[in-house]
Each structure stands twice: as C-alpha cells, then as structure tokens.
Amino acid sequence: MLTRLNISSLRQRILNFVFWVCVVQGIIIPCQAQTNHIIKGRVAEEGSKDPLQFATVALYNYGDTSLIHGVVTDERGNFELKSQSGQYHLKVEFLSYQPLWISPVEIKHDSKTTDLGTLFLQSDVSTLDEIIVKGEKEYMTFNLDKKVFDVQQDLANAGGTAADILANIPAINIGANGTITLRGSSNVRILIDGKPSGIITMNGAEGLRQLQGNLIESIEVITTPSAKYESEGQAGVINIVLKKDRQSGLNGSFDVVMGDPVNMGGALNINYRKEKLNFFVNYGWFRRHRPSFRDIYQEVYNADSILISEQKADRLMRGTFNNVRFGADYFFNESTILTTSLTYLHSKAKRFSDIDYIDYVNTPNRLLGTSFRTQDEDEVEPSLEYAVNFKKEFGREDHFINVLASFIDNWEDSRQIFTEQIRPVDADIIDILQRSDNYETEKQWLFQVDYEMPFGNKGKLEAGTRNAFRRLTNDFFVEEQVEGGWEIVNNLSNNFVYDENILAAYAIAGNENDKLSYQAGLRVEYTDIKTELLQTGEENPRDYLDLFPSAHVAYKLPNKNKLHGAYSRRIRRPTYNDLNPFITFSDNRNFFSGNPDLDPEYTHSVEIGHGKETENTSLLTSVYYRYTRDKILSIRRVDEEGMSDTRPENLIDEDALGIEWIASFKPLNWWKFDANLNVFYSVIDGRNIDETFSSETFSWFLRLTNRINIAKTYDLQVRANYEGPQITPQGSLKQNYFVDVSMSRRLFDNRGTLVLNILDLFNTNRFRAITGDAGFMTSDWARRQVRQVNLTLNYRFN
C-alpha cells in the first residue's frame, strides 16, 4: 500500500525540485540600469477607429534620417520605442494604408516618457486590389494572465474539429479515452467566446467534436485565472475564440475537406462591413465516420475461485454535423457598439456497437459461456445559442462598460435498441431484447456586466457582476421484452432535474510602469443547486458562499527577459452527470453513475515563471503548485459476478507540483522548431474511501513540432507526442505516444492553401489502464480514434 508523504518530506522534495529547476534553467539575466526614454502611442484606422496590429513604427535621426530603431504594434495597436533625448522623425506604415510622418518628435532630457496618443492611418484605396499579405502572426503571445495561440499557424489543424485543435495546444492533452487535461488535470473550464456553450455543458469533451475547427480563430489558455473569470475549473480556463472580422468591405474564406475514415464537408466564413454596420456569417457542414475499439480483461477474486472475463467491443459512429453562426455589429459611433449573434448547431448520428463477452473460471481452459450484445442508436441533438452584447467606451479604449445577455436551448433525443444472446456451456441459450429512450434538455440564461476604468498613468480598475441560471432534465427509461409485451426496468429508468443558480461579483485593481505590472482581485460567488428525482420526489438542495482571491505580477528585465507570478483559488462543482444517481446503459457489465452526495472540491493554485525572447528564440518556463481539498475522482467497484459500477467520490486531498517549458526556435529562415514539456509530481490521499486508495506519481508530457519550408511554397510539419505513465489511487495509466505529419502548398498567389495531414501516422494512440483492489483486477485497452487522413483546401478573398 502506498502511504501519503508527511508534510516535511513533501516540502523538502518541493524545495529540491525548485532548486534543480533553477539550475537546469541556467539563465543569467543582466541587471544593468537602463537610461532610455520611452516613446509610446497607438495606431488605428481612420474612420472605424479600430486598432491596427503589426503596423510598423520606425524612428529616424533628425539630421541624416538614418534609421535608429523600429517596432510593430501589438493586438491593441500600441507601441513603445526606446531612445535617448533629442529630435527625431517618426514614420508609421501599414500595408494598404498611406504612411504617416511625424516630425519633429522632441525628447527632453528630463522626460522619461513621451505619449504621442492615437495616430490614425488613412486607407490607400489604389493598392487594395494589388496587395497580398504574406506576413505571419506569432503562434503564441503571452499576456499578464493568459497565453493566446493562433491556431491558423498549425498545419495539423486543417480539416479537424475543435477537439483536434485543442489536442495540438501546449499544456493541453486529449487522452485516447477522450478526456481533456490541462497540465495533467481533467478539471478544466472550457468556454466559447468567453461564454459557456450548450454543446460542452451537456456532452463535455465529446461535444467539441461537433464544432468545426475551420470556424476557430484562436485558443486562450489561462492557467491561473484572475477574479474576472468564473471560478470553475481547478486547472484553469480554455477559451475558444471563433472567427469574426470587422474589416471594411466584403472579405472571408472557405474550406473544403475530404478524408479517411469518412470526413467530408466544407466551411464558409464571410464578413461584410459598410460604414456603421458589420455582418458576419460562419457555416460548416460535415459528415464523419468514427470507428473505435475497446478490450477489457478482468479477474475477480472470490473465496474459492477466480472469475475471468474477456470483453471485445467494436463501435462505429456515423454522423452529420451542421454549424451556423451569424450576427451583426452596429456602430452607433466610434465608441458605442451593439453586437448580436445567433449560433445553431445540429448533429444527427447513428451508432452501432458489437460486444463479445467470454467467461472462464480459474483458467482459460474452463469456459463458463459466451455472450454477444449489439447496440443500434439513433441520436438527434440541436443546440441554439443567442447572445446580445453592448459596449460603450468613455473617451478611450480602456474605459468602458460591457453588458452581455445570452440564452442557450439545447436538447438531445436518443433511441436505442439492444439485443443480447447469452450462451452458457451447461444451459440453454437466452435471448434478450431491450430498448431505451433518453431525452435530455438544457436551458441556460446568463447576464453579465463588466466595467473597466483607468486611473493614473497606467492603472486600471475592473468590476463586474454575473448571474447564471441553468436547468437540465434527463428523462430516461429502459424496457425489456417479456412474454406478452414490454416491461420497464425500474432500476435503470429515471426522470432527473438539475437546477443551478450562481450569482457572482468581482473587483480587480492593477497598475504598471516601465518594468512592473501587477493586479489583485477578489470574486464572490453564491451557489444554489438542487437536484430532484421526479419518480420518488427525492430532493437534494445545496447552497454555499465562497470567496476567490487572485493576484498576478510581471517584471520586465533587460534583454527581453520577464518574470511572472500568479495565485488563484478555484472550485470544481459537481456537474449534472456527477450528481445523477442513475446508471448509463450500453455495456451490460460496466455501468457508470453519479453520486448525489458529492461535495465541491477547492484548489489553491500558485505559479511562478520566466520568459525570454530573442530574435529567433522564445522560452517560457513556469513552475506551478496546486493543493486540492475534497478531490473528486471516479472509483470503480466490481461485485463477485464481475459487474462493475464506476462513480465519482470525494477523496481527502491532492498535492501537485510541476514545471512546464514552452519553447520556440527558428535556427534558420526555413526551419522552425517548437517544444512543450510538462513534468509533474502528484500525491493523492483517498484513505477516507479505502486504506489502499493513495498514490504518489511522477510523470511527464512531451510535444515536439518541426516545421520546414521547402521551395518557398511548401511547408512540412512533423509533430511527436508522448504521455508518460502514471500511478493512480486504484492502479495505473500506461504510456501513450503518436506522431502527426502535415504538408501544405500555397496556391492562387498565396490566397489559397492545400493541406494534407495524417493524424496518428503509426496508429499508436491508445488508452491503457490497470484498475483494481484486493477483490479484482481490470486491464482496459481502448482506441477512440484510428489513423485519420485529411485533405483540406482553404481559399481567402479580400
């Protein structure tokens, strides 16, 4: 039995771990004083007042006009230049805009900062039809409280779903069993455009396979969220940002995809803006076939015998998916915008399962019997999301109020037929016919107000409130054919209602100077949850009030070095599926149910790190620690006949310590190399459930990506993924590894791209686990997805 480390031993390991991290990091940061003055400002488009990212700002000598220094603007159009005192020329340029000269720019000896305000560029209409943008945005940008990944830069994302794209983001893993983890934890909050989505709240990670990757602009990863974000998610928040443009005129793109296994369809993104009105439309239609496989070997140790069973399952999903999102922005004036959007997702799927069971006693030579079970399911799942957003700026872009109201209406209707033939060695054959109906609904209302106000030179105050209400229902029944008709199987039928109301308010204060930036905040949340079983009238109400503080700090050092640190308190509330006490019904021997007595888990999360940038290299290192109380974990139990039930339980706690490296190198103009390494150590104490339910594990995840440009128009990308083995309170998870390969060719004067990608080239991506205790041992092997080959054509216009 593994025993939990005592506190002094754990603390000593943590100190040793951090010491060796510092030694390995080995970065010597010069701290010499700087005497440069700062010239700063903002670049925007005249007329729309929209910021211009990647505009070039150059400083020239006043006398001989020789170039001194140049930078590009960030996503808000802001820039900063360093200079000595004196007089200069300043030039601002951006593709398809008229250049702007400012002269003279005078820097006084006793002035530390010169603010040029907002500089407006005029469109150069004569060049719009001739210019093709060939520049490339950075794949990752790092802000004070989040990392932003531009998913368009990754060739492996072509033709995939939102789940496929997340699997390619540093620090995020999607296991072969479909579980999404962030830095090794599956407790992560997933949002779409900063809001909950019906396809996720009802279906979890599986719902992301309904969202086409072509509709996604970027992924935001927030490992220690500030008080502005809802507190849900122990490991942090993943925000999926959908495409929307506000450029003048008509512009957009479309994608056509075909693949094997069947993956065919297309996506269209269109934006049209004229004066005060901006329209955007995204549409995707896809048809997919997804085969999957699972093998289970199990031994049950009874008093006088060992019951051995083998199970082999072949499954196939055939689905058609429609995604449409459209909306409009209305600009009352340059500082007031009203945005409305409607998102409709519709999936229709057919699922087939064939399961073979073989049973022995003591040895494989003593056969007890065999069984064969089939499942035929028809499922329809529409989802409707409507949102309206109002934003009003008060004289400047960092002083505004934002009001959001949204409504989600999601439902799922599933009809299933099961057949099973049981063939004992010494008895007659038994035929079973069952059918089930499952009707689930979700309605969610969200109202949110955010206010941001600057103070001083770069200070900022933020405050807001949020009210979210959800109602989920699950009407599920199973019938079995008996002589004379059909009979309801009572222990498998239920009508479950889940009501959740969360009220929240937050306040954040932050400031920054030339080197130091910091913010601290507090979030208050009141949670009121009630579950009810309509058949029995059994109710289970829960309510609690919690405080969630957060703090972030960053310090700029010379030579593009940066230190950062963060703290936040998080919660994981038991979900609808966690609390529903009735079991799932597809595999007749392995059941899954919720636990109505489950308590929320709470996490304290701390992170410190260092970032370093050079012309061709960037390296981000983070050391993180999480302490979780009332850890929620699924526990498997097996009876003497080999029937298993898995449900979530509250364990005592978990200590987790890790270090993460995210690195990008460009040794040559035609070669780029990215690496992500996450090493972590975890101790889980579950002795409140069973004296043996404790674990201590050390594991690591590694992702390496090479991208090579060939003959200017071709790109080759190879990615290798590795997930190390782990020890769990009930057993272990085995290692997993796979390789993805992609090739692209630019077409039509760089307006189009043809991408061929092969995901899981060697067909090695699989889930393997050992689970057990004194009474049983289960070996589980599963593949949710086989090798996938996709060919995608993308074309961009205007």
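Where does N559 lie? Select N559: this residue is in the loop between β27 (538-557) and β28 (561-572). Helices (H or I, at least four residues) and strands (E, at least two) are DSSP runs, numbered from the N terminus. N559 is partly exposed, at a relative accessible area of 45%; buried means under 20% relative accessible area, exposed over 50%, and partly exposed in between (1.4 Å probe, protein chains only). Add E613 to the selection: its C-alpha atom is 7.9 Å from that of N559, although 54 residues separate the two along the chain.

This is a predicted model, in which local features need pLDDT of at least 70 and side-chain atom pairs count only at pLDDT 80 or more, while totals for chains, interfaces and linings use all residues. Residues are numbered from 1 along each chain as its sequence is written, and side-chain values use heavy atoms, with hydrogens and water left out.

**Whole chain**

Zoom out to the full protein chain, which has four helices and 44 strands. Of its 798 residues, 50% are buried. Contact means heavy atoms within 4.5 Å. Among contacts between residues at least 6 apart in sequence, 66% join residues at least 24 apart.

**Nonpolar cores**

Next, select I180, I216, I219 and I240. These are the residues with the most contacts inside the largest nonpolar core, which has 27 residues. A nonpolar core is a set of buried Ala, Val, Leu, Ile, Met, Phe, Trp, Tyr and Cys residues joined through side-chain atoms within 4.5 Å. Two or more residues each come from α2 (162-166), β10 (172-174), β11 (180-182), β12 (188-192), β13 (216-222) and β14 (236-242). The largest share, four residues, belongs to α2.

Stay on I219 and show what surrounds it. Leaving out residues up to four places away in sequence, I219 touches K147, V148, F149, V151, I165, L166, I169, I238, N239 and I240. Apart from this core lies another, of 17 residues, including I39, L81, L90 and V105.

**T223**

Move to T223, in the loop between β13 and β14. T223 has a relative accessible area of 7% and is therefore buried. Its side chain makes a polar contact of 2.9 Å with the side chain of E607. A polar contact is a pair of N or O atoms within 3.5 Å; within protein, one must be able to donate a hydrogen and the other to accept it, and residues adjacent in sequence count only if both atoms are side-chain atoms. Beyond four places in sequence, T223 is also in contact with K147, L182, R183, A235, G236 and S605, among others.

**E525 and N474**

Select E525 in strand β26 (residues 516-533). Its relative accessibility is 2%, so E525 counts as buried. Show the side chains of two partners: S231, in polar contact with the E525 side chain at 2.6 Å, and R523, at 2.7 Å. Not counting residues up to four places away in sequence, the residues that E525 touches include E230, S231, Y544, D546 and R573. The C-alpha atoms of E525 and A505 are 6.8 Å apart, with their positions 20 residues apart along the chain.

N474 is the next stop, in strand β23 (residues 459-482). At 8% relative accessible area, N474 is buried. The side chains of N474 and N438 form a polar contact of 2.6 Å. Other contacts of N474, outside its neighbours within four places in sequence, include Y439, E440, F496 and Y576.

**Backbone geometry**

Look at two peptide bonds. The bond joining S103 and P104 is cis, with omega about -5 degrees, and P104 is part of strand β6 (residues 100-107). The bond from D260 to P261 is cis too, with omega near -5 degrees; P261 sits in the loop between β15 (249-260) and β16 (263-274).

Then compare two residues in loops. A711, between β36 (694-710) and β37 (714-723), has a positive phi near 55 degrees. A711 is exposed, with a relative accessible area of 62%. D749, in the loop between β40 (736-747) and β41 (752-759), also has a phi near 55 degrees. D749 is exposed, at 60%. Most residues other than glycine have a negative phi, and most peptide bonds are trans.
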